[in-house]
Amino acid sequence: MKIFLDANILVSVLNKEYPVFSYSSRVLSLVDNNRFKVYTSPLCLAIAFYFAEKKTNSTSARARINILSEKLLFTTVGPKVVDLVKKNKKIHDVEDGLQYYSAIDAGCKCIVTEDKNDFYFSDIEVLSSRQFLEGHVF
C-alpha cells in the first residue's frame with residue numbers, strides 16, 4: 001500500500017512531539033516494511049527541516065533530514081499538480097492542495113496527517129497516525 005506522510009508527521013518525529021510521536025514514529029518506521037511504500041513530498045521535507053532547525057540547530061536538523069531522505073520515497077510537485085490545484089475550487093490552502101495532488105499522482109491510497117481537516121476535499125482516505133496504525137497495521 002502506498003501512503004503519503006504530511007509534513008506534520010515528519011515534524012512530530014524529528015522534534016519528538018508527544019503524544020503524537022508514539023504513533024507517528026511507528027508509521028514512519030513502515031519504510032522498512034515491504035507491505036508499504038511510504039511517500040512524502042519535497043515540500044513536506046522542507047517544512048520538516050524548518051521546524052526541526054527551529055527546535056535544534058541547522059547541523060542537527062540537516063543530519064535528521066538526510067536520514068529521512070534516504071528512507072522515504074518522494075512525490076513530485078510539477079506543472080500537472082499545480083494545474084490540478086488551480087482548477088479545484090474546493091481547495092483554499094494551496095500547500096495542502098499540492099500535497100494532495102502529488103500524493104494522488106504517485107498513486108497513494110491514504111494520507112497520514114494530524115490535521116485531517118486540512119484535506120476536507122480529499123477523495124482518498126485521510127487518517128491520523130494512530131488511526132492509520134489501528135486500521136492498517138495492527
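This is a short talk on the fold, one helix pair, one loop and the largest pocket of a protein model.

Good morning. A word of caution first: the model is predicted.

Let's start with the overall build. The protein has seven helices and five strands. What order do the elements run in, from the N terminus on? They go β-α-α-β-α-α-β-α-α-β-β-α. So a strand comes at the start of that run, and a helix closes the run.

Now the dimensions. Along the principal axes, the C-alpha atoms fill a box of roughly 40 × 35 × 25 Å. How does the radius of gyration fit a compact globule? The chain has 138 residues, so a compact globule would come out near 14 Å. The protein has 14 Å, which agrees.

Next, a pair of helices. Two packed helices are described by an angle and a distance, both taken between their axes. Look at α1 and α3, which is residues 42-55. Their axes come within 8 Å. They cross at roughly 35 degrees. The crossing of α1 past α3 is right-handed.

Which residues make that contact? From α1, we have A7, L10, V11 and L14. From α3, we have C44, L45, I47, A48, F51 and A52. What classes do they belong to? Ten are nonpolar, with no polar and no charged residues in the contact of α1 with α3.

Follow the chain on from α1. Between α1 and α2 there is a loop, and K16 sits in it. K16 is not a glycine, yet its phi is positive, about 45 degrees. The loop between α1 and α2 also holds P19. Y18 and P19 are joined by a cis peptide bond, with omega at about 5 degrees.

That brings us to the pocket. Rolling a probe the size of a water molecule over the atoms shows where empty space is left. The largest pocket holds about 240 Å³ of space. What lines it? The lining is V13, L14, K16, F21, S25, L28, V31, R64, I67, L68 and K71. Note two familiar names there: L14, from the helix contact, and K16, from the loop.

Three elements give two or more residues each: α1 (7-14), α2 (21-28) and α4 (58-71). Which gives the most? That is α4, with four residues. By class, the lining has seven nonpolar residues, one polar and three charged. Compare the contact of α1 with α3, which has no charged residues.

That's my tour. Thank you.

Technical notes
Residues are numbered from 1 along each chain as its sequence is written. This is a predicted model: local features need pLDDT of at least 70, side-chain atom pairs count only at pLDDT 80 or more; totals for chains, interfaces and linings use all residues. Side-chain values use heavy atoms; hydrogens and water are left out. On a 1 Å grid over the protein atoms alone, a cavity is a set of points where a 1.4 Å probe fits but cannot get out, and a pocket is an open set with protein on both sides within 12 Å along at least five of seven lines; lining residues have an atom within 4 Å of a point. Grid points are joined across faces, edges and corners, and a volume is the space filled by probe spheres set on the points. Ala, Val, Leu, Ile, Met, Phe, Trp, Tyr, Cys and Pro count as nonpolar, Asp, Glu, Lys and Arg as charged, and the others, Gly among them, as polar. Axes are lines fitted to C-alpha atoms, for helices over the stretch in contact, and angles run from 0 to 180 degrees between N-to-C directions. A crossing is left-handed if the near helix is turned anticlockwise from the far one by less than a right angle, and right-handed if clockwise. Contact means heavy atoms within 4.5 Å. The radius of gyration is taken over C-alpha atoms; the globule rule is 2.2 Å times the number of residues to the power 0.38.
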